[in-house]
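Here is a short walk through one protein model, part by part. Keep the viewer open while you read.

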Amino acid sequence: MTTAGPHVHDQCEPRTAASFLQAQSLSSRRLGFSVTAACPLRCGHCSVSASPDLSHTTWRAEFGEVVAAQMQDLRRADVRFVDFTGGEPTLAREFVPRVAAAAKAAGMVTGIVTAAHWAMSESGATRTLEQFAAVDRWDISTDVYHLPFVGLDRVERAFDALSEAGKQPLVRIAHHEPLGVEDARLIDSVHRFAGRQIAFQPIGPVGRGKLVAVSIGASERDYERSPCPTTGLLIRADGAGAACCAPLSHEPRTHLLWYGNALCDPLVSMLQRWRTDWVLQTVRLWGFEIIARWASEDGIAVDGLLKRRTCDLCVGLVTHPGVAASARRRALALDHKVRVAAGLLEHFGEPWADELLRREASEVLAAG
Ligand code: SF4
Ligand code: SF4
């Protein structure tokens with residue numbers, strides 16, 4: 001599963017430059033928690049390879065208290081959205097309600113992504129909604145791999161229960177690229193009860209998804225030039241702070257885009273590291289062409305690393321030690337940092353990199 005996101009592109013609104021920009025600027029004000037790797041389902045395309053055997057990974061009350069106690073600090077740091085994903089986040093019954101209640105009390109909006117296995121009956125659905133009353137926005141995930149475990153009748157029951165409870169349900173459908181007949185049939189069926197409250201995401205070659213999807217290679221001419229579409233810092237089930245909930249967050253922790261561990265680091269510090277990572281902020285602003293160019297200028301052959309889709313391209317480049325070292329070195333040049341800080345301020349209204357540069361300049365001046 002991926003995280004819910006702040007519903008900027010929901011309800012089939014066409015993606016425009018303005019709405020993409022809005023989503024980009026919200027991502028720095030959003031925090032996602034992947035609260036378990038366990039799931040009652042065992043979908044064939046699951047990016048986190050979730051399964052019923054992984055209940056030991058589920059976050060419990062004690063860590064919930066630790067995280068809940070940080071919500072006011074996060075709000076003061078201008079975090080506006082807190083989302084829960086997994087695995088199946090409704091399995092974390094001790095963690096999610098505590099943290100969601102604290103986030104709401106601090107003035108934040110909360111969201112969750114769930115496969116709705118719990119909507120076996122109207123009373124079952126009502127019980128779950130009561131248990132997770134502090135969650136505002138609900139993304140119900142479904143696709144052709146979910147259906148053998150959770151039929152559309154349950155998805156529809158969950159959708160209706162959420163609508164009646166005044167929540168904001170959205171059905172999130174993962175699909176093959178190109179779209180298959182079974183994908184299309186499912187979309188048609190969901191449309192009948194969810195109307196335009198549907199969002200889509202392609203199935204990627206991540207986790208068990210490697211068995212059903214591939215990353216398409218590209219030449220210098222035909223890879224996507226889009227900026228990194230991260231929806232924000234994700235705290236993984238093992239506590240690690242990842243750049244996003246997308247493919248890079250599933251890679252081993254040998255590359256550079258990691259931001260500490262929530263089991264020992266304050267969340268505000270992790271967020272500050274995410275907000276001021278010069279490589280990540282470079283690709284949020286300008287995409288990966290600049291990273292590929294730097295690598296080529298530094299004598300690294302990138303041809304075999306280029307992939308068609310942005311997130312696949314990201315994994316290919318960022319996990320290559322030579323490319324990563326080149327990107328880090330170039331992104332730390334003072335003139336580049338000034339450009340990044342100015343871009344973040346101007347385009348996303350983000351002051352943090354600019355403030356960091358000013359602090360560093362003051363320290364240099366004070367030291368004489
Ligand atoms: S419901 Fe989501 S988390 Fe669970 S196995 Fe399926 S894809 Fe993975
Ligand atoms: S481009 Fe990379 S960092 Fe950005 S969302 Fe995709 S995988 Fe994550």
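## Buried strand, paired strand

A residue counts as buried here if 20 or more other C-beta atoms lie within 10 Å of its own. By that yardstick β3 is mostly covered, with five of its six residues buried. Bear in mind that this is a predicted model.

Which strand does β3 pair with? Its partner is β2, and the two run in the parallel sense, joined over four bridges. If you want a spot to click on, try D83, which stands opposite G111 in β3.

## Helix α4 and its cover

Now go to helix α4, residues 96-105. How many of its 10 residues are buried? Seven are, so to speak, under cover, and the helix is mostly covered. The buried ones are V96, P97, R98, V99, A100, A102 and A103; note that R98 is on that list.

What covers them? The cover includes three helices, α2 (61-68), α3 (71-76) and α5 (122-131), along with the strands β2 (81-85) and β3 (109-114). After α4 comes G107, and its phi is positive, near 95 degrees.

## Around ligand 1

Ligand 1 has 14 residues surrounding it. The closest are three cysteines, C39, C43 and C46, and two alanines, A50 and A115. Sorted by class, the shell around ligand 1 holds eight nonpolar, four polar and two charged residues.

## Two domains

The domain assignment splits out domain 1 (17-214) and domain 2 (278-366). Their C-alpha centres lie 31 Å apart. The contact between them takes five residues from domain 1 and six residues from domain 2. On the side of domain 1 that touches domain 2, you'll find one nonpolar residue, four polar ones and no charged ones.

## Helix α14

Last stop: helix α14, residues 352-366. Its 15 residues reach 21 Å from the first C-alpha to the last, close to the 21 Å expected at 1.5 Å a residue.

Is α14 mostly covered or hardly covered? Hardly covered: among its 15 residues, the count of buried ones is one. Set that beside α4, where seven of 10 residues are buried. α14 is followed by G368, whose phi is positive, near 80 degrees. A glycine with positive phi also follows α4, namely G107.

Technical notes. Residues are numbered from 1 along each chain as its sequence is written. Chains are lettered from A and ligands numbered from 1 in the order in which they are written. This is a predicted model: local features need pLDDT of at least 70, side-chain atom pairs count only at pLDDT 80 or more; totals for chains, interfaces and linings use all residues. The expected span of a helix is 1.5 Å times one less than its number of residues. A residue is buried if 20 or more other C-beta atoms lie within 10 Å of its own, exposed if 12 or fewer, and partly exposed in between; C-beta atoms are placed from the backbone. Domain bounds come from an automatic or database domain assignment. Two residues are in contact if their C-beta atoms, placed from the backbone, lie within 7 Å. Ala, Val, Leu, Ile, Met, Phe, Trp, Tyr, Cys and Pro count as nonpolar, Asp, Glu, Lys and Arg as charged, and the others, Gly among them, as polar. A residue is near a molecule or strand if its C-beta atom, placed from the backbone, lies within 6 Å of it. Two strands pair if DSSP finds at least two bridges between them.
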